[in-house]
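Here are some short exercises to work through with the model in view. Try each task yourself before you read its solution.

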Amino acid sequence: MEKKKSDSKKDSNKKDDKKTTPAKKGKLKIEDENALKDFLIDELKDIYFAEHEIMKGLEKMKEGASSSKLKKAIESHHKQTEKHISRLEEAFELLDQKPAKKKCEAIIGILKEGDDVMEDTDEGTMTRDAAIIIASQKVEHYEIATYGSLAELARTIDRKDVAKLLESTLKEEKKTDVTLTVLAVDKINEQAAQEPAE
Ligand SMILES: [Fe+2]
Ligand SMILES: [Fe+2]
């Protein structure tokens, strides 16, 4: 008699399992997809703000740099950043949104650190250039982390169009990071080591 009871309990559990199985197997439920889309838009506003701040930061870094190679690298990063801003505007459009900024404390902090190292190093020295490279690489790594995860998020909600835009920017950020590393290894760090310590 008892065995039958537990069997019927098992049966009812099976029924419950069926009920909770999402209709679209392997796909997100509509409410989850909408919540993720809202989150993606919010994060796009964050990086849209960040890219504008980076533009200003790069202008200061270019002024502070002494090596012509570094100045050139910063200049091309500046141009690239303009492109990143337009791509974000395209992404907003694809998502039927007006481009908007959301204050991003993280990038404010990273750029502030860049300002501080420039203040702490002497103008025209290779140590200043090394400090600028380190500061811009911190910016790049922030951008790489952001674009990498947002591209994934866009793919998760089946927005390949948005993901592709973000991936194009991601590729350029990675390239800039490599350029900065090569600059640091090649010249600047080496020369900074030859400057007399104060
Ligand atoms: Fe960027
Ligand atoms: Fe960048």
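**Exercise 1. Work out whether S149 is buried, partly exposed or exposed.**

Step 1: get the cut-offs straight. A residue is buried if 20 or more other C-beta atoms lie within 10 Å of its own, exposed if 12 or fewer, and partly exposed in between, with C-beta atoms placed from the backbone.
Step 2: count. S149 has 13 other C-beta atoms within 10 Å, so this residue is partly exposed.
Step 3: place S149 in the fold. This serine sits in helix α5, and its C-alpha lies 9.5 Å from that of L166, a residue 17 places away along the chain.

A word on what you're looking at: this is a predicted model, where local features need pLDDT of at least 70 and side-chain atom pairs count only at pLDDT 80 or more, while totals for chains, interfaces and linings use all residues. Residues are numbered from 1 along each chain as its sequence is written, and chains are lettered from A and ligands numbered from 1 in the order in which they are written.

**Exercise 2. Find out where the predictor's confidence is lowest and where it is highest.**

Step 1: start with the average. The protein chain has a mean pLDDT (the predictor's confidence in each residue, from 0 to 100) of 86, and 81% of the residues score at least 70.
Step 2: go helix by helix. Confidence is lowest in helix α1 (residues 2-20), with a mean of 46, and highest in helix α3 (residues 68-94), with 96.
Step 3: look at the start of the chain. Over residues 1-25 the pLDDT is below 50, and beyond near neighbours in sequence this stretch has one contact in the model. Two residues are in contact if their C-beta atoms, placed from the backbone, lie within 7 Å.

**Exercise 3. List the helices and strands, then check the span of α5.**

Step 1: know what counts. Helices (H or I, at least four residues) and strands (E, at least two) are DSSP runs, numbered from the N terminus.
Step 2: count them. The protein chain has six helices and zero strands, so from the N terminus on you read α-α-α-α-α-α.
Step 3: check α5. The expected span of a helix is 1.5 Å times one less than its number of residues. With 31 residues, α5 reaches 45 Å from its first C-alpha to its last, close to the 45 Å expected.

**Exercise 4. Decide how α4 and α5 are oriented towards each other.**

Step 1: take the angle. Helix α4 (residues 105-120) and helix α5 (residues 126-156) pack at about 175°, and their axes are 9 Å apart. Axes are lines fitted to C-alpha atoms, for helices over the stretch in contact, and angles run from 0 to 180 degrees between N-to-C directions.
Step 2: apply the cut-off. Angles over 145 degrees count as roughly antiparallel, so α4 and α5 are roughly antiparallel to each other.
Step 3: see who makes the contact. Among them are I107, I110 and V117 of α4, along with A131, I132 and V139 of α5.

**Exercise 5. Compare V139 with K112: which is buried and which is exposed?**

Step 1: V139 is in helix α5. With 26 other C-beta atoms within 10 Å, V139 is buried.
Step 2: find its partners. Leaving out residues up to four places away in sequence, V139 touches I54, G57 and I110.
Step 3: K112 is in helix α4. K112 has 11 C-beta neighbours inside 10 Å and so counts as exposed.
Step 4: zoom out. Buried residues make up 29% of the 198 residues in the protein chain.

**Exercise 6. Say what sets the phi angles of D96 and D158 apart from the usual pattern.**

Step 1: recall the pattern. Most residues other than glycine have a negative phi.
Step 2: read the angles. D96 has a positive phi of about 60° although it is not a glycine, and D158 has a positive phi of about 70°, again without being a glycine.
Step 3: locate them. D96 lies in the loop between α3 and α4, while D158 lies in the loop between α5 and α6 (160-194).
Step 4: check exposure. D96 is exposed, with 7 other C-beta atoms within 10 Å, and D158 is partly exposed, with 13.

Key. Parallel < 35°, antiparallel > 145°, perpendicular 65-115°, else oblique.
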